[in-house]
Amino acid sequence: MTPRPGKGPSTVGVHSGSPDPRSDAPVVVPVYQSSTFYGGDGAGGDLLYTRYGNNPNQEEVASKVAALEWMEDAVPLASGMAATAMTLLALTRTGDHIVASEHLYGATKKLIGTELTKRGVTADFVNPEVSREWRSAIRPNTRVLFLELPTNPTLRVFDPRPLAELARQEGILLVADTTFATPVNVRARDLGIDVVIHSATKYLGGHSDLIAGVVAGERTVMGEVREMLKMYGPALDPHACWLLSRGIKTLGVRMARHNENGLTVARWLESQEGVRNVLYPGLPSHPDHQLASEILSGFGGMVSLVLEGGGRAADAFTAALRLALRAPSLGGVETLVSQPRHTSHVDQSTAERESIGIPDGFVRISLGIEDSDDLISDFDQALGHARSA
Ligand SMILES: *Cc1c(COP(=O)(O)O)cnc(C)c1O
């Protein structure tokens, strides 16, 4: 991949959106815990109001994310789901149609397949691997193609480039949720993605202490998302913005460590007795390894594995962990371990889960930034429990 012009993601993460340096000014943008602003009454200027997304803390996050994504503009929102919902509300109206990958975060799938349907926006879900399926699902009223990269929890990587080409031909938009990859590991815009969504709750925040979302894209599209924000109201609180901005400053170093821990632990797990298989895009055994090596600059901190011995072994494994924490969610500095059959995919039957590559015995690990030797000793002793379960 050719290096892109301009500054790297760590520099951008630290400096973008900072106030111009001047004497006596704080180096760090303080928390503007204020709903409204003097002179922001709209007379001769913009109406300044925290629900409008133009509080200085919201603007700092917006400019960091826009710069990281090489997009014109970005909008911080109260959660990843708020980001997805406001984006899709902005881009569709009654009678419109969405074509989405069938590998989606549960709530996103429900929003597109059930909730928007009630509002007259229909959708088709396709196997993202087959370009032909996307093409044939497109109708004259299709407005959006929606993809996740990589997918949860099977960590599949599907190529957005043919979809971007398709979207361009049709004059519609390719929207992608790249929460798992982050702007450090994937250059969404270089792949032709028009609108990028992040659950900033995960890697962008990075410390498991806030709920936030962000969407980035062209200025006109972001203007429409802001209109939705004004009416539906899921503004990101200034204090959460401040924490998020602080998190983004270390995104580059954290992702380097997540990538390193991911590869080290995945390789180690692959050679362990009692582990049926390991899913990690950085392993040559992964179905999308070639593509992932081409379009990602790091393979991330998410590793999934399937244990011999099914659900019993997986329960024993997670119960025995001493350092890694048994908890849902991902992307924080601490290692979190969960079983999709108890969390994200609890509503599905064993057969349904198996059909999408999540048999009982499936364990998802969000590797933190701890020392990999310590993580490996913990997994090693927990695997002993799994084997004798
Ligand atoms: C967590 C997550 C979401 C939802 O984000 P929230 O911040 O919890 O609303 C959406 N997409 C992906 C891929 C996620 O992991």
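Trainee: What is the volume of the second largest pocket?

Mentor: The volume of the second largest pocket is about 310 Å³, counted as the space filled by probe spheres set on grid points joined across faces, edges and corners. Among the 24 residues lining this pocket, Gly 80, Tyr 105, Ser 199, Thr 201 and Lys 202 are closest to its centre. The model is predicted, so local features need pLDDT of at least 70 and side-chain atom pairs pLDDT 80 or more, while totals for chains, interfaces and linings use all residues. Residues are numbered from 1 along each chain as its sequence is written, and side-chain values use heavy atoms, without hydrogens and water.

Trainee: Why is it called a pocket?

Mentor: Because it is an open set of points on a 1 Å grid over the protein atoms alone, where a 1.4 Å probe fits, with protein on both sides within 12 Å along at least five of seven lines; lining residues have an atom within 4 Å of a point.

Trainee: What makes the ligand an occupant of the second largest pocket?

Mentor: The ligand sits there, which means that more than half of its atoms lie within 2 Å of the pocket's grid points.

Trainee: What makes the pairing of Thr 201 with the ligand a polar contact?

Mentor: An N or O atom in the Thr 201 side chain is 2.6 Å from a ligand oxygen; a polar contact is a pair of N or O atoms within 3.5 Å, so this pair qualifies. Ser 199 offers a polar side-chain atom at 2.8 Å from a ligand oxygen, and Gly 80 a polar backbone atom at 2.9 Å from one. The protein buries 91% of the 380 Å² that the ligand exposes when taken alone (Shrake-Rupley method, 1.4 Å probe).

Methods. Polar contact = N/O pair within 3.5 Å; in protein donor to acceptor, adjacent residues only side chain to side chain.
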